[in-house]
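Visitor: I would like a close look at a single part of this model, with the surroundings brought in where they help. Please take it slowly and keep to what can be computed from the coordinates.

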Amino acid sequence: IRTAPGLLPFIVAASLMVMALGLGASALARRKAGIHIPAFADRDRGTDLRSLLLAIAVAIYIAALQFGAFQESFQVFGRTLRITAFEPATIVALATIIHLSWRGPFWITTTVTVVWTAVLSLVFQLVFRIPLPGSF
């Protein structure tokens with residue numbers, strides 16, 4: 001199980017390739033059937049603005065991990081855990097991304113982002129023993 005994180009990029013790449021092949025096959029099937037859909041037929045400014053804001057949020061997130069790196073260690077039940085720039089940057093970035101897509105209550109967004117980030121951080125620290133971005 002400790003070598004499994006090394007497989008993650010290959011699994012992601014394989015799933016992206018399968019999705020791309022599926023999209024290509026459906027496009028070829030539409031073309032063969034004579035169906036023509038203009039490239040920008042269903043675009044609207046609201047979606048374009050949210051897409052732009054998403055790209056900006058991801059860029060700020062990457063910059064925060066790169067330039068705001070820190071690491072604080074502490075003990076919990078005899079285990080050494082680390083808080084790095086990954087945790088606060090991920091909570092803020094994920095909350096922003098969720099808010100761009102869904103306008104639900106703030107407490108739900110906060111709960112989801114904090115729990116997801118904590119679980120991800122703990123799994124990588126305690127199971128995989130791999131440092132997350134935003135540390136030294």
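Is Thr 84 buried or exposed?

Guide: Thr 84 counts as buried, because its relative accessibility is 5%, and a residue is called buried when that value is under 20%. Before going further, please keep in mind that this is a predicted model, in which the pLDDT averages 88 over the protein and 96% of the residues score at least 70. Among the elements, the confidence is lowest in helix α1, residues 4-32, with a mean of 88, and highest in helix α3, residues 86-101, with 93.

Thr 84 belongs to strand β2, which covers residues 79-84. That strand is one of two in the protein, which also has four helices, and the order of the elements from the N terminus is α-α-β-β-α-α. The radius of gyration is 20 Å, well over the 14 Å that the globule rule gives for 136 residues, so the protein is more spread out than a compact globule. Taken along the principal axes, the box filled by the C-alpha atoms is roughly 65 × 35 × 30 Å. Buried residues make up 18% of the 136 residues, and Thr 84 is one of the residues that count as buried.

Now to the contacts of Thr 84. Leaving aside residues up to four places away in sequence, Thr 84 touches Phe 70 and Gln 71, and also Pro 133, Gly 134 and Ser 135. Gln 71 falls within the range given for strand β1, residues 71-76. Gly 134, which touches Thr 84, also enters a separate pairing with Ala 89: the C-alpha atoms of Ala 89 and Gly 134 are separated by 8.6 Å, although the two residues are 45 apart along the chain. Ala 89 lies in helix α3 and counts as buried, with a relative accessibility of 14%. Beyond four places in sequence, the residues that Ala 89 touches are Tyr 61, Ala 64 and Leu 65; the range of helix α2, residues 45-67, takes in these three positions.

Helix α3 and helix α2 are linked by further C-alpha distances. Thr 96 is placed in helix α3, and its C-alpha atom is 9.3 Å from that of Leu 53, with the two positions 43 residues apart along the chain counted as their separation. Thr 47, in helix α2, has its C-alpha atom 9.9 Å from that of Leu 100, and these residues are 53 apart along the chain. In contrast to the buried Ala 89, Thr 96 is partly exposed at 35% relative accessibility, and Thr 47 is partly exposed at 34%.

Strand β2 can also be followed through Gln 125, a residue of helix α4, which spans residues 106-128. Setting aside residues up to four places away in sequence, Gln 125 touches Thr 80, Leu 81 and Arg 82, together with Glu 87 and Ile 130. Gln 125 is buried, with a relative accessible area of 11%.

Two residues in this part of the chain deserve a remark on the backbone. Most residues other than glycine have a negative phi. Phe 77, however, is not a glycine and has a positive phi of about 50 degrees; Phe 77 sits in the loop between β1 and β2 and counts as exposed, with 85% relative accessibility. Arg 129 likewise has a positive phi, near 55 degrees, and is a residue other than glycine. Arg 129 is found in the segment after α4, where it is partly exposed, with a relative accessible area of 47%.

As for the setting of all this in the whole protein, 58% of the contacts between residues at least 6 apart in sequence join residues at least 24 apart. The protein exposes about 10,200 Å², and carbon and sulfur atoms supply 73% of that area. There are 11 positive and 5 negative side chains, and the centres of these two sets lie 10 Å apart. To return to your question, Thr 84 is buried at 5% relative accessibility, and the residues that Thr 84 touches include Phe 70 and Pro 133.

Notes. Residues are numbered from 1 along each chain as its sequence is written. This is a predicted model: local features need pLDDT of at least 70, side-chain atom pairs count only at pLDDT 80 or more; totals for chains, interfaces and linings use all residues. Side-chain values use heavy atoms; hydrogens and water are left out. pLDDT is the predictor's confidence in each residue, from 0 to 100. The radius of gyration is taken over C-alpha atoms; the globule rule is 2.2 Å times the number of residues to the power 0.38. Buried means under 20% relative accessible area, exposed over 50%, partly exposed in between (1.4 Å probe, protein chains only). Contact means heavy atoms within 4.5 Å. Accessible areas come from the Shrake-Rupley method with a 1.4 Å probe; for residues, only the protein chains shown count as cover. Lys and Arg count as positive and Asp and Glu as negative; His and the chain ends are not counted. The place of a charge is taken as NZ of Lys, CZ of Arg, CG of Asp or CD of Glu.
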